[in-house]
Amino acid sequence: MPAPVRTDSARTDSARTDSVHADARPRARSRRTRTLLAATGALALLAVSACGAAETRGGDSKTVSLHTPSWVGAEVNTAVAAHLLEHELGYRVKTQQMDETPAWDAMSQGKVDAILEDWGHPQEEKRYVEGNKSVVPAGDLGVTGHIGWFVPKYLADEKPDITDHKNLNRYADLFKTPESGDKGQFIKGDPSYVSYDNALIKNLGLDYKPIEAGAEATHLAQLEQLYKNRKPFLTYWWTPQWMNATMDLVEVKLPPHTEGCDADKQAVACAYPDVPLKKWMNADFAKDGGEAAQFLKNFKWTTEQQNLVAKYVAADGMTPEKAAEKWVKENEATWKAWLPKQ
């Protein structure tokens, strides 16, 4: 889940110093809580020194450590990459689930070899890419992240002008809830996601109150129920996101994004930017990681492909590992091109 600015949750407008989710991304809690994996990863981080990638991997060049984000779209990136590294290239893969900023710190120290979906972290890029050069770019993921405000299509069909922010105050009464009082309710996303919705609502003079939905699973469940009952709602939303295949939403037009319009997060009054999602690697691993590093640089798929595997997990109840296995079996022509040339 999603993107390049600070989070402005209801608790604080500067809850974390992150860049824009939000697939992204829309950045989310996955429905499957991998408690054992998270605990193992935490213990591993405590046990490992920060003396470089080779020492971190115990001198074992056949072990690869990948970051697993907490949102399902990015989780399946890691699952597919891990499956292919293990079954096609003969590597052992260690995955570590953690938030985005700690993952950057771990990657800079060689405790994580690669991050496969990044929605933009300019402060970390300045520190680790431009600064001590411990992290290097590993190419685009192939997916473009986008955050915006959305309403259900059945509402937009009934009131076509509601899809322009200039007309939202006219319809504020439609969105009133007990939580929002005399204002319309704006449904915020996971509080760990990048957003500047509080500032947008204030700076655009909108008669709405931002209400946090909670973690991603709670947010999705709330929207699913509202959509099923054809109720009006205005919400923070993003792509890639597998539920776009089950809900037909229409974006509300905000003032267009221009370069630097979101530099001051308190004064921002423009739309979110589109974010080509990127991959990053520990510099030593990029240089000495052999076929694994080359494979991860080659790894590139589409929003539709990611959404499909995410659906296997979030909607169909498959584990990420089984979802990855299914996709790999059915898409050999795609992933064969990612393998290093012999």
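Guide: Welcome! Two strands pair if DSSP finds at least two bridges between them. Strands themselves are DSSP runs of E with at least two residues, while helices are runs of H or I with at least four, and both are numbered from the N terminus. This is a predicted model, in which local features need pLDDT of at least 70 and side-chain atom pairs count only at pLDDT 80 or more, while totals for chains, interfaces and linings use all residues. Residues are numbered from 1 along each chain as its sequence is written, and side-chain values use heavy atoms, with hydrogens and water left out.

Visitor: What makes β4 and β9 a pair?

Guide: Six bridges join these two antiparallel strands, which satisfies the requirement for pairing, so β4 and β9 count as paired. One position to look at is V136, whose bridge partner in β9 is M281.

Visitor: With which strand does β4 pair over five bridges?

Guide: That strand is β7, again in the antiparallel sense. Find W149, and you will see that its bridge partner in β7 is Y236. β4 is also joined to β8 by four bridges, with the strands running antiparallel, and F150 stands opposite E251 in β8. In a regular strand the side chains alternate between the two faces of the sheet.

Visitor: Why is the contact of K153 and D157 called a salt bridge?

Guide: The term asks for a side-chain nitrogen of Lys or Arg within 4 Å of a carboxyl oxygen of Asp or Glu. For K153 and D157 the N to O distance is 2.9 Å, so the pair qualifies. Both belong to helix α6 (residues 153-158), where being four residues apart separates them by about one helical turn.

Visitor: How many salt bridges are found in the whole structure?

Guide: Twelve. Another of them links E124 and R127, whose closest N and O atoms are 3.7 Å apart. These two sit three residues apart in helix α5 (residues 122-131), about one helical turn from each other.

Visitor: How do you know whether E124 is buried or exposed?

Guide: By relative accessible area: buried means under 20%, exposed over 50%, and partly exposed in between, using a 1.4 Å probe and protein chains only. E124 has 3%, so E124 is buried. Its partner R127 has 41% and is therefore partly exposed.

Visitor: What makes K322 part of a network?

Guide: Start with the salt bridge between E325 and K322, at 3.6 Å from N to O. Both residues lie in helix α12 (residues 320-330), three residues apart, about one turn of the helix. Salt bridges that share partners then join K322, E325 and K329 into one network. K322 has a relative accessibility of 49% and E325 one of 25%, so both count as partly exposed.

Visitor: How do you know that C261 and C270 form a disulfide?

Guide: A disulfide is a pair of cysteine sulfur atoms within 2.5 Å. In C261 and C270 the sulfur atoms are 2.1 Å apart, so the pair meets the definition. The structure holds one disulfide. Its S-S torsion is about 80 degrees, which means that the disulfide is right-handed. C270 is buried, at 3% relative accessibility.

Visitor: Why does K279 have no salt bridge?

Guide: Lys and Arg count as positive and Asp and Glu as negative, with His and the chain ends not counted. The nearest side chain of opposite charge to buried K279 is D140, at 7.9 Å, and that is beyond the salt-bridge limit, so no bridge is counted. K279 is found in strand β9 (residues 275-282). Its side chain does reach the backbone oxygen of L296 at 2.8 Å. Among the residues in contact with K279 (heavy atoms within 4.5 Å) are I115, P137, D140 and F299.

Visitor: What makes K133 stand out?

Guide: K133 has a positive phi of about 55 degrees although it is not a glycine. K133 is found in the loop between α5 and β4, and at 55% relative accessibility it counts as exposed. R230 also has a positive phi of about 55 degrees without being a glycine. R230 lies in the loop between α8 and β7 and is exposed at 56%.

Visitor: Which form does the peptide bond from T239 to P240 take, cis or trans?

Guide: It is cis, with omega near 0 degrees. P240 is found in the loop between β7 and β8.

Technical notes. A polar contact is a pair of N or O atoms within 3.5 Å; within protein, one must be able to donate a hydrogen and the other to accept it, and residues adjacent in sequence count only if both atoms are side-chain atoms. Lists of a residue's contacts leave out its neighbours within four places in sequence.
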